[in-house]
Amino acid sequence: MRVEDSLGLPLILFWSCCVGNYCSVFATATEILGVAPAEQSKYSGTFSCLDGSKAALPPVVNDEFCDCADGSDEPGTGACAGQSATLFYCRNEGSTPRQLYASRVGDGICDCCDGSDEASLASRKPSAKCPNNCVELGKREAEAAKRRMEELHAALGKQEEIRKAALAERKVWADEIRQLEEQLPQLEAALEAAKAAANVEREMAVAAEKARGGTGCRWRQTSACSPTGQREPSMDETCDSEISMGNSGFCDCDGDGVKGAEEPGYDCKSTPGTCEEVCPREGGEPDPAATQPEAAAAAAEVEKVEEKPQVSEYAKWMDGASEALGEGDAEVAGALAGQEKPQVSEYAKWMEGAEANAEAVPAPANQAAAESAQKPSEPDASAAPSAIEEEKKAKKLLDENSAKISTLQAKIDVLPEEYMGYATLAGKTLKKKVSEFTYSVEFFKRANQDSTSLGNWKGWTGPRSATFDGGRACWQGPDRLLNVIFSCGLEEELEDVYEPSRCVYEATVKHPGACDPAELEMLRTGSRVVGPKEEL
């Protein structure tokens, strides 16, 4: 027997058989109010709470009294409001089915177009009966569904184009990384060789400086903008080199390679200019050769050495020129005897030894010649670079290679393959003025509310969600953060931003990458069911 209520909707009839204290409950109707067609079988035969909390209950389904914790005994009434396990199902024939929370059933408000959500109330209060307008609503929904399907079809096509282009670009980046990594061993070996040669040149430079009565003063580069940071020997400079702002290190006045208590150190915010300005020469005089007999004698010895044909220290180390020079001393001395003035090498001038030799040059015939003679000669542009310069060049090439690898890898990591459909957002800034604030979201870098930081890109939190965190701290509160919810759309757009809780912001962004082929399939087949949090 089929029994219908005043809305024409079938209800369920039960009969029970009790033996002692045990009762079995059987359903005689084939359809239960508030239950989806696919779930009807769960209510056939003997009924038990669907969560297993109670078994073999007496006739309790839709009796307006909540017996089961999951609300499964009251699928067609609002008796079990406050839980979300059991939802009311609106059939809405002619329109789109939907689900409601139990709290919206029997509340006097018509939520289902067929009025079934108020059937229990209407059975007690006929004036609360809701009209059935599903056919009229269905026509409007069909038109909207057609437009939505067209938009989805276009957006999904665009998503696929974005994905293909991103995957192709990703392959190019991966190939570049592989090529750069193949170059690393050669670059690292070149740097090690250059370091060895540069260290020899540095030792020779310090020895030559000390031979002139100096202390072996050097600028020692360090990392982390701290004079006590890790040493960076390849960036060391001579005592007279200009140290630019942004470098950290110390002036090694005694040349021992270790920062002494009295040796000045610098962070990236200060500079000594040159170390010779802050490192007094031995005895406190700027020219030890003029005040100290020992230093003067050492300088004289250097001058004698410099009267020989000059070969750069780097060339000696690289080509064995030091041996050749020792074997030909007698011949060289004879050749120099007829020269009017001594020859000074460019390397000796660089080491500050040229000034003493310049005093032996005969006075010029006129003032113009004198001024010209006082100017230091220009370095020979065709001369081979020093070992230190070669070391800097090798380090620069290695650093550039490593930086390129890091940059390319970061581009790959920010968009895993499953998020390739969002690739057009990379480097793009979306803006929206909401109330008195202008919000800007730059993917995949940072987000701002006017000039206030809402955080930096942290990463994806789901197929259609992501987070920016670490923003400016609220007054006596946490750091600001922005959650982004992506919705399907043909064009990229920042739709809305609001603050659901203190210092936590939520933005809605439209993008083709958020479109789901499953939605298109549901619209085509008419299998869509509107959830309790959705709107028709």
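In which handedness of crossing does α2 pass α13? The crossing is left-handed, a label used when the near helix is turned anticlockwise from the far one by less than a right angle, with clockwise giving right-handed.

A few words on the ground rules. This is a predicted model, in which local features need pLDDT of at least 70 and side-chain atom pairs count only at pLDDT 80 or more, while totals for chains, interfaces and linings use all residues. Residues are numbered from 1 along each chain as its sequence is written, and side-chain values use heavy atoms, with hydrogens and water left out.

**The helix pair**

Helix α2 covers residues 134–211 and helix α13 covers residues 517–525; helices here are DSSP runs (H or I, at least four residues), strands likewise (E, at least two), numbered from the N terminus. Their axes come within 10 Å and cross at roughly 150°, the axes being lines fitted to C-alpha atoms over the stretch in contact, with angles from 0 to 180 degrees between N-to-C directions. That crossing makes α2 roughly antiparallel to α13 (angles over 145 degrees count as such, under 35 as roughly parallel, 65 to 115 as roughly perpendicular and the rest as oblique).

On the α2 side, the contact (heavy atoms within 4.5 Å) is made by A145, R148, M149, L152, H153 and L156. From α13 come P517, E519, L520, L523 and R524. Sorted by class, this contact has seven nonpolar, one polar and three charged residues (Ala, Val, Leu, Ile, Met, Phe, Trp, Tyr, Cys and Pro count as nonpolar, Asp, Glu, Lys and Arg as charged, and the others, Gly among them, as polar).

**Salt bridges**

Side chains of opposite charge can pair when their charged atoms come close. The structure holds 22 salt bridges, each a side-chain nitrogen of Lys or Arg within 4 Å of a carboxyl oxygen of Asp or Glu. Here are three of them, including one with a partner in the loop before α13.

| Acidic residue | Basic residue | N to O distance |
|---|---|---|
| E93 | R91 | 3.1 Å |
| D516 | R464 | 3.5 Å |
| E534 | R528 | 3.5 Å |

The D516 and R464 pair links distant parts of the chain, 52 residues apart: D516 sits in the loop between β16 (504–511) and α13, and R464 in the loop between β12 (452–462) and β13 (465–470). Both are partly exposed, D516 at 30% relative accessibility and R464 at 33% (buried means under 20% relative accessible area, exposed over 50%, partly exposed in between, with a 1.4 Å probe and protein chains only). E93 is exposed at 56%, whereas R91 is partly exposed at 30%.
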